[in-house]
Amino acid sequence: MEPQSLNTAAKNTWCPGCGNFAILNAVKSVLLDLEKEGTPREKIVLVSGIGCHAKIADYLAVNSFYSIHGRVAPVAQGIKFARPELAVAGFAGDGDGYGEGLEHLLFAAKRNADITMIIHNNRVYGLTTGQYTPTSPLGFQGRSTPRGSREVPLNPLNLLLASGATFLARGYSNRLDSLKFILRQAFGHRGFALVDVLQVCVTFFNLYEFYNRQVYEIKDHDPGDFEAARKKILEWDYNSADRPIPLGVFYRTEKPVFSPSDGTPPLSSADREAEIGRILL
Ligand code: SF4
């Protein structure tokens, strides 16, 4: 199967040099691998939110669903709970996922919903032309903070680790091979997996030079060790300009995945109506 078979007729409108292209390429590679390994594309559903990242749903010829701002995780979970045989991946931006949608992410992690979340973390609202987000650094000067943001950023991976996520990783849009590897691991994980991708917005927050200097790929790390994972996640706080930024799979563990059903088959519509009537009487 060729990567071109995943192309659509949609015209790509991302800015030249945007880190979203790398994520698109990495996801294509993972989808082709999955297909080779026996998961046909008909069994895959992609959900996106609102923001530049969301157009990824337009550029991949697989089942996809545009949701609304901050609601990628609940839509992805709804699809997975209704059709457990499908593999469901959610794509969200940092404003989308860590701002409006943060509570949904934490609860999806808490219940270990069997979905894969990929966060295009460019640390700025790109589509609305440059406002600060939950992961923008202190002092970030954008359209809504012309004198510089006065807030320190969140460390989303630390929050998600504390919330019960069973797979956590960080990739970088300018390290394509490692990004592909990390995303493949995330798609293969049973349970809640989240990959925070440092995706550069060349137009409103160009961090290529900074990341190229600071990132490194982790080695000799045991992702099954919770304390080691926390230590690795805390190495960089999304604010410091001089600390090394680790990339890789920080944490992976197995826990039962959430199912909304207790094994009882769903009621037929007639039985459901009768049951509702019985309760209301
Ligand atoms: Fe990419 Fe930024 Fe352009 Fe959006 S505004 S397409 S995130 S470079």
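Leaving aside neighbours within four places in sequence, V27 is in contact with L60, F91 and L183. The model described here is a predicted one. V27 belongs to helix α1, which spans residues 20-36. Because its relative accessibility is 0%, V27 counts as buried. S268 stands 241 residues from V27 along the chain, and the C-alpha atoms of the two are separated by 38 Å.

**The sheet**

Eight strands form an open sheet in the order β2-β1-β3-β4-β6-β5-β8-β7, and the pairing is mixed. The edges are taken by β2 (63-66) and β7 (215-217); each has a single partner strand, so one side of each is left without a neighbour in the sheet. From one strand to the next, the twist averages 20 degrees. In general, the strands of a sheet pair through backbone hydrogen bonds, in either the parallel or the antiparallel sense.

At the β7 edge, the pairing with strand β8 (residues 245-252) is parallel and comprises three bridges. Within this pairing, Y216 stands opposite P246 of β8.

Strand β5 is mostly covered, with six of its six residues buried. In a regular strand, side chains alternate between the two faces of the sheet. In β5, F167, A169 and G171 point one way, while L168, R170 and Y172 point the other way, and all are buried. Strands β5 and β6 run parallel and are joined by six bridges. One of the residues involved is G171, whose bridge partner in β6 is V197.

**Helices against the sheet**

Two helices are described by the strands they lie across and by their angle to β5.

| Helix | Residues | Strands lain across | Angle to β5 |
|---|---|---|---|
| α5 | 156-163 | β5 (167-172), β6 (193-198) and β8 | about 165 degrees |
| α6 | 176-188 | β3, β4, β5, β6, β7 and β8 | about 160 degrees |

Helix α2 (residues 72-82) has as its buried residues V72, A73, A76, Q77, I79 and K80. These residues lie on the same side of α2 because they cover an arc of only 160 degrees around the axis. Their cover includes three strands and two helices by name: β1 (44-48), β3 (87-93) and β4 (116-121), together with α3 (94-100) and α4 (102-110).

**The ligand surroundings**

Which residues surround the ligand? The shell consists of W14, C15, C18, C52, N122, G126, Q199, C201, V202, T203 and F204. By class, seven residues of this shell are nonpolar and four are polar, and no charged residue is present.

**Two residues with positive phi**

Most residues other than glycine have a negative phi. N112 is not a glycine, yet its phi is positive, at about 55 degrees. This residue is placed in the loop between α4 and β4. Is N112 buried or exposed? With a relative accessible area of 2%, N112 is buried.

D220 is also a residue other than glycine with a positive phi, here near 50 degrees. Its position is in the loop between β7 and α8 (226-233). D220 counts as exposed, because its relative accessibility is 83%. The two loop residues thus stand in contrast: N112 is buried, whereas D220 is exposed.

Technical notes: Residues are numbered from 1 along each chain as its sequence is written. This is a predicted model: local features need pLDDT of at least 70, side-chain atom pairs count only at pLDDT 80 or more; totals for chains, interfaces and linings use all residues. Side-chain values use heavy atoms; hydrogens and water are left out. Buried means under 20% relative accessible area, exposed over 50%, partly exposed in between (1.4 Å probe, protein chains only). Helices (H or I, at least four residues) and strands (E, at least two) are DSSP runs, numbered from the N terminus. The arc is that of the directions from the helix axis to the C-beta atoms. Contact means heavy atoms within 4.5 Å. Two strands pair if DSSP finds at least two bridges between them. Axes are lines fitted to C-alpha atoms, for helices over the stretch in contact, and angles run from 0 to 180 degrees between N-to-C directions. A residue is near a molecule or strand if one of its heavy atoms lies within 4 Å of it. Ala, Val, Leu, Ile, Met, Phe, Trp, Tyr, Cys and Pro count as nonpolar, Asp, Glu, Lys and Arg as charged, and the others, Gly among them, as polar.
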